[in-house]
Amino acid sequence: MAESTGQGVGRDELATLKLLALDGALDESTKVSCADLAERLDASNQTASRRLQRLEDAGFLARDIVSDGQEVELTGDGERRLQSEYADYRRIFESDASVDLTGVVTSGMGEGRHYITLPGYMEQFIERLGYEPFAGTLNLELTAESVRKRARMSAIEPVTIEGWEDDERTYGPAYCYPASIEGSDGEYEPAHVIAPERTHHGEEQLEVIAPEKLRGVLELADGDEVIVHVSE
Ligand SMILES: Cc1cc2nc3c(=O)[nH]c(=O)nc-3n(C[C@H](O)[C@H](O)[C@H](O)COP(=O)(O)O)c2cc1C
Ligand SMILES: Nc1ccn([C@@H]2O[C@H](COP(=O)(O)OP(=O)(O)O)[C@@H](O)[C@H]2O)c(=O)n1
Ligand SMILES: [Mg+2]
């Protein structure tokens, strides 16, 4: 096999290589028809065929012509080329998978305490967050900028606390995002931003849970500003 230089391999060839890998050609020899490939690449037969040829010439693809088409398999160099693409995407998205939100400590409706301590939730917190949360939620009124930035939390995978029911009623699910809490007195971890699916608060209120009373450990009072670092 020729030594790979990657020459002749551009964006289009890379897209073709990705498609073949999605078809299973990373692990084993996989049958492809040029017509089918052409259609999926939105290109002509000739173009699809040329891309396969270039990938083979570059040492990214091993090909076998059989009676009714061809079988292809990615080479080690082909896999490494895709891996490097993957690493780029990981860097792009992993560096984005964090968001800093600023808000001021506020008093809420005094309901957080009730919900957090319900056994249907508490058992899940202990199992899935690895700690028993203090009975309540620390409420923060977000700045206008942080209300906008809050949507970026969707790039972060939350810990899901499932909904449940007792004889009286049903309780909704809640999503917990790992975070650390920075006050003027220091930073506290572990903590989670908790987003209950059913809530009486709007987007400008952020609720935080932690194993300890944050007003105590960080010496916080209503009106104090804190920064919440949300990240995986
Ligand atoms: C784990 C959890 C689950 C909740 N589930 C519900 C619910 O099922 N229905 C509901 O009306 N509110 C639910 N809430 C939201 C509370 O009613 C309320 O919006 C908020 O948490 C009260 O916060 P505060 O007392 O700190 O102001 C839930 C809150 C938490 C923390
Ligand atoms: N980890 C936590 C959770 C709640 N708290 C506080 O504990 C009290 C009880 O929480 P809560 O959610 O029932 O009350 P409010 O947020 O409605 O005022 C509130 O003063 C919260 O700010 C805290 O300091 N640290
Ligand atoms: Mg609260």
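Begin by selecting ligand 2, which occupies the largest pocket of this predicted model (a pocket is an open set of points on a 1 Å grid over the protein atoms alone, where a 1.4 Å probe fits, with protein on both sides within 12 Å along at least five of seven lines; a molecule sits in it if more than half of its atoms lie within 2 Å of its grid points). Next, display the elements that each give two or more residues to the surrounding shell: α5 (112-117), β5 (138-142) and α8 (214-217) (DSSP runs numbered from the N terminus, with at least four residues for helices, H or I, and at least two for strands, E).

The model is predicted, with local features requiring pLDDT of at least 70 and side-chain atom pairs pLDDT 80 or more, while totals for chains, interfaces and linings use all residues. Residues are numbered from 1 along each chain, chains are lettered from A and ligands numbered from 1 in the order written, and side-chain values use heavy atoms, without hydrogens or water.

Now select the 16 residues around ligand 2, of which G108, G110, R113, L214 and R215 come nearest (a heavy atom within 4 Å). By class, this shell holds five nonpolar, seven polar and four charged residues, with Gly counted as polar.

Zoom in on the polar contacts (pairs of N or O atoms within 3.5 Å). Oxygen atoms of ligand 2 lie 2.9 Å from a backbone N or O atom of G108, 2.6 Å from a polar backbone atom of G110 and 2.7 Å from a polar side-chain atom of R215. The protein buries 89% of the 520 Å² that ligand 2 exposes when taken alone (Shrake-Rupley method, 1.4 Å probe).

Finally, colour domain 1 (11-95) and domain 2 (98-231) separately; their C-alpha centres are 45 Å apart.

Definitions and conventions
Polar contact = N/O pair within 3.5 Å; in protein donor to acceptor, adjacent residues only side chain to side chain. 1 Å grid on protein atoms, 1.4 Å probe; cavity = no way out; pocket = protein on both sides within 12 Å on 5 of 7 lines; lining within 4 Å. Domains from an automatic or database assignment.
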